[in-house]
Amino acid sequence: MSNSPTGEIYRIDWLPGTDVLHGTCHCGAEHSAQDPVEMWEWMLGHPEGHEPRGSAS
Ligand SMILES: [Zn+2]
């Protein structure tokens, strides 16, 4: 299934040629990690550690 405006969408991409996972939360926050567990903890920890786009603080 694909995106839904109201659903919680997580997306994780593996950057080719690296060990780095790049995750995008449903809130638009992005995070990179080499450890899938760390990535999921970040995802599930929303909104902790998630910075809204366009916010400098
Ligand atoms: Zn989030």
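Which strand has the lowest confidence in the protein, and which has the highest? I began with this point because the model is predicted, and I found the lowest confidence in strand β1, residues 11-14, at a mean of 93, and the highest in strand β2, residues 21-24, at 96.

I then looked up the confidence of the whole protein, where the mean pLDDT is 84 and 79% of the residues reach 70 or more.

Next I noted the secondary structure, which consists of one helix and three strands, and I read their order along the sequence as β-β-β-α.

I turned to the sheet and recorded that the three strands form an open sheet in the order β1-β2-β3, with antiparallel pairing. I noted β1 and β3, the latter spanning residues 30-33, as the edge strands, each of which pairs on one side only. For the angle in this sheet, I wrote down that neighbouring strands are turned by 20° against each other on average, with direction ignored.

I followed one pairing in more detail: β2 and β3 are joined in the antiparallel sense over four bridges, and for G23 I found the bridge partner H31 in β3.

Last, I looked up burial and contacts for the protein as a whole. I noted that buried residues make up 5% of its 57 residues. Among the contacts with a separation of 6 or more, I found that 9% come from residues 24 or more positions apart.

How values were computed. Residues numbered from 1 in each chain as written. Predicted model: local features only at pLDDT ≥ 70, side-chain atom pairs only at ≥ 80, totals over all residues. pLDDT = per-residue confidence, 0-100. Helix = DSSP H or I, 4+ residues; strand = E, 2+ residues; numbered from the N terminus. Buried ≥ 20, exposed ≤ 12 C-beta atoms within 10 Å, placed from the backbone. Contact = placed C-beta atoms within 7 Å. Pairing = 2+ DSSP bridges. Axes fitted to C-alpha atoms, helices over the stretch in contact; angles between N-to-C directions.
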